[in-house]
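Thank you all for coming; I would like to walk you through one chain and stay with its geometry throughout. Please keep the viewer open while I talk.

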Amino acid sequence: MSTPSSPTPFSVAVAAVRDGRPLDEAVDELLSQLTREERLWLLDGDLPFWPGMADMLTNGYNLTPIPMGRIERLGIPGLLFSDGPRGVVMGKSTAFPVSMARGATWDVALEERVGTVIGRELRAQGANFFGGVCVNLPRHPAWGRAQETYGEDPVLLGEFGAALTRGVQRNAMAVVKHYALNSMENARFKVDVTADEAALHEVYLAHFRRIVEEGVSGVMTAYNSVNGEWAGQNEHLMEGVLRGMWGFEGVTVSDFIWGLRDAAASLRAGLDVEEPFRQQRGEHLPADLEAGRASWDDVDRAARRVLRTQVRHYASLAEPEPSLDVVFSPEHRALAREVAARGMVLLKNDPVGDAPVLPLRRDALTSLAVVGRLADMPNTGDNGSSDVRAPEVITALRGLTEALPGVRITHVADDDPAAAAAAAGQADVAVVVAGYTAADEGEWVGGDVLTDPELLALFPPPGDDPAGQSFAAFMAEPGAVDSISGGSAGGDRASLRIRPVDAEIIRAVAAANPRTVVVIVTAGAVITEEWRDAVPAVLVSWYSGCEGGRALADVLLGDVDAAGRLPYSIPAAEEHLPHFDRDATAITYDKWFGQRLLDRDGHAPAFPLGFGLSYTSFALADLSVSASGGDSLTGTVTVTNIGSRAGRHVVQLYGRPTGIDATADDFPTRVLLGFATVELAAGASARITVPASARPLLRWTPTGFVPAAPTAVIEAASYAGDPGALVSTVTL
């Protein structure tokens, strides 16, 4: 917020809070100065619906801040929205690796640095409200928006969401989403997700609670229905759990356009702001208030929360307002490269001759074959609301070409196994880049959304509004619906495997060159059983952001250790996963998914949660575990780099409640409790502290949480189920 030439009621309130006046007193005084019309103005977007909708769909999404509740008469800035989480969606900002790639770093300090940069770029471009702390749990890896979240485990999700929140809120208000049970994309506007209270509190809400405790400013509700009520008007979730149980004091906002179905019901249930335009509330709320379907007390409750969140934010700002030149600056690009390299996960690295194929040796490399349609494609993730329009994206081919001057590099982009094999046969090493694009997974922006009568009924009548008439005419044009999605509708993945032709190319290349490396571009788990045996090295590179190609070269050439660890488990077969119907209108979520489900059913994963190889080796010793107070535990362990080069390790703490039978007790036999990273030179040791939460060892009951068992075995491990884990027993 720029400093006004003379004080406004809002700036006076902010200054008073900074000087020690109680926040609620300052907010109540500010609220008393608003007219009834202005109080209603706080409760939705400022832009009229039809002009806003037409601009978004024809010119582009969120190119500039989307204003909600700005009242110039009193100097109230409003909620000035920018989406995420890949970076700032507005303008030409830095595209970081997707959240799942950042979760693979297992490094919350690094994620906090990312949050700080995002907050600076957002504030420099005039926004103050970041809708990019996405922490929905991907119950099934086919979920199209898995790229926007951090992993399959509530502890991982909670700690990373809290870290991003800490970073962003140095400069902007952070918003956590989508609350709750949102992990089906194609059916998100129609599906009712049923979950009992134990599954909700132990699994699907646990990470939201952690981020609320961190002080997040906003919570965005989901599109889907939860236990028979739309999330945007679900009183149990908003007033009962979020505020009643957790004490949330920030602002609740709807997801965009279709985030509620009844203006009055949403207000009564505790939804403060309808995003992003003047839509259902602008159309219906005055009459609803007149008819008694909602009250002015409901309005004032929401208005007070909207004002309180803004005053608190501006009163806490300590960093100076950054200039526009921070956006896509060399410093921010360097961080994007660092994060991308740190998140890449080495799944396989077998010897070829007398050494593992990776890292590649520059001094022994004269020629390289780079194979695959994705190798020279800017491919930073889906084309939906998280798309960041970076001015430049470094592809895998460009990154390798820059890093290997003088090396003959041949690129085969066509889906031609014979041509790929021929190029590989003439090279020292072959790198095959395979995986997915926005056409395969991502936010569902398919045309059926804009032609669904139930959803269209939520739009205000176009009447004589020129923008409404223009929009209707645009939608009637042939191909208009497809043009909105750019031909890349995304949605939930149809398959967990790469294309058959890619598998054929990999086998052909590996047959022609034993030194073949497969690089997988993905967000969620990829089943690799039909081709993995043919190649010595497999690296998950993710959608790796604007500097991904350089980061890939850093890892393949060993300039950076292979330090990423899987933020989810990868099954050996689809049958080992929960049921998933991407078109379902009703589904029940229980506690069983990912590593927990594999453990319960006795299915060995292809790769377990937390797995990842390094270019060096580590040993753990001398575990001690102590209670830190409340729900916290602390593990302390000595880590030694027993290899020949520097590297980074992730120590993971798991808990096994004693005497638990997963099926009989409906409780997992092993849960992640905490984690910490450490970087060590060859031969070096360090005693590190691993902060952990005891909450995953607690069971929900009608009277609250209780220990699932009197004692638990704590494991310090390199991945879930690590047979070399150190163990210690604690009393709960």
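In which sense do strand E19 and strand E20 pair, and over how many bridges? Strand E19, residues 618-629, and strand E20, residues 632-641, pair in the antiparallel sense over nine bridges, where two strands count as paired if DSSP finds at least two bridges between them. Helices (H or I, at least four residues) and strands (E, at least two) are DSSP runs, numbered from the N terminus. Within this pair, serine 626 stands opposite threonine 634 in E20, and in the hairpin, which has two residues between the strands, glycine 630 takes a positive phi near 65°.

Before going further, a word on provenance. This is a predicted model, in which local features need pLDDT of at least 70 and side-chain atom pairs count only at pLDDT 80 or more, while totals for chains, interfaces and linings use all residues. Residues are numbered from 1 along each chain as its sequence is written, and side-chain values use heavy atoms, with hydrogens and water left out.

Now the chain as a whole. It has 23 helices and 27 strands. The radius of gyration, taken over C-alpha atoms, is 26 Å, close to the 27 Å that the globule rule (2.2 Å times the number of residues to the power 0.38) gives for 732 residues, so the chain is as compact as a globular protein of that length. Taken along the principal axes, the C-alpha atoms fill a box of roughly 80 × 65 × 50 Å.

Let me turn to the sheets. One open sheet has six strands in the order E1-E2-E3-E4-E6-E9, and its pairing is mixed. Its edge strands, each pairing on one side only, are E1 (66-68) and E9 (251-253), and the twist averages 35° from one strand to the next. E1 and strand E2, residues 79-83, run antiparallel and are joined by three bridges, with phenylalanine 81 in E2 as the bridge partner of isoleucine 66. Helix H7 packs on this sheet, touching strand E3 (129-134) and strand E4 (173-179), and its direction makes about 160° with that of E3; such angles run from 0 to 180 degrees between N-to-C directions, the axes being lines fitted to C-alpha atoms, for helices over the stretch in contact.

A further open sheet of six strands, also with mixed pairing, has the order E10-E17-E16-E15-E13-E14. Here the edge strands are E10 (345-349) and E14 (408-412), and neighbouring strands are turned by 15° against each other on average, direction ignored. Strand E16, residues 516-521, and strand E17, residues 537-540, run parallel and are joined by four bridges, isoleucine 520 standing opposite valine 540 in E17. Helix H20, residues 500-512, lies across E13, E15 and E16 and runs at about 170° to E15.

Next, the helix pairs. How far apart are the axes of H6 and H7, and at what angle do these helices pack? Helix H6 (residues 108-124) and helix H7 (residues 154-168) pack at about 40°, with their axes 6 Å apart. They are therefore oblique to each other, given that angles under 35 degrees count as roughly parallel, over 145 as roughly antiparallel, 65 to 115 as roughly perpendicular and the rest as oblique. Among the residues that meet (contact means heavy atoms within 4.5 Å) are Val108 and Ile118 in H6, and Phe160 and Leu164 in H7.

For H14 (residues 330-343) and H21 (residues 548-556), the axes come within 8 Å and cross at roughly 45°, so this pair is oblique as well. In this contact, Arg333, Arg337, Ala340 and Ala341 in H14 meet Gly548, Arg550, Ala551, Asp554 and Val555 in H21.

Finally, some backbone details that deserve a careful look. Most residues other than glycine have a negative phi, and most peptide bonds are trans. Tryptophan 106, in the loop between helix H5 (99-103) and H6, has a positive phi near 55°. A cis peptide bond joins lysine 177 and histidine 178, with omega about -10°, and histidine 178 lies in strand E4. The bond from glutamate 275 to proline 276 is cis, with omega near -5°, and proline 276 is found in the loop between helix H11 (263-269) and helix H12 (280-291).
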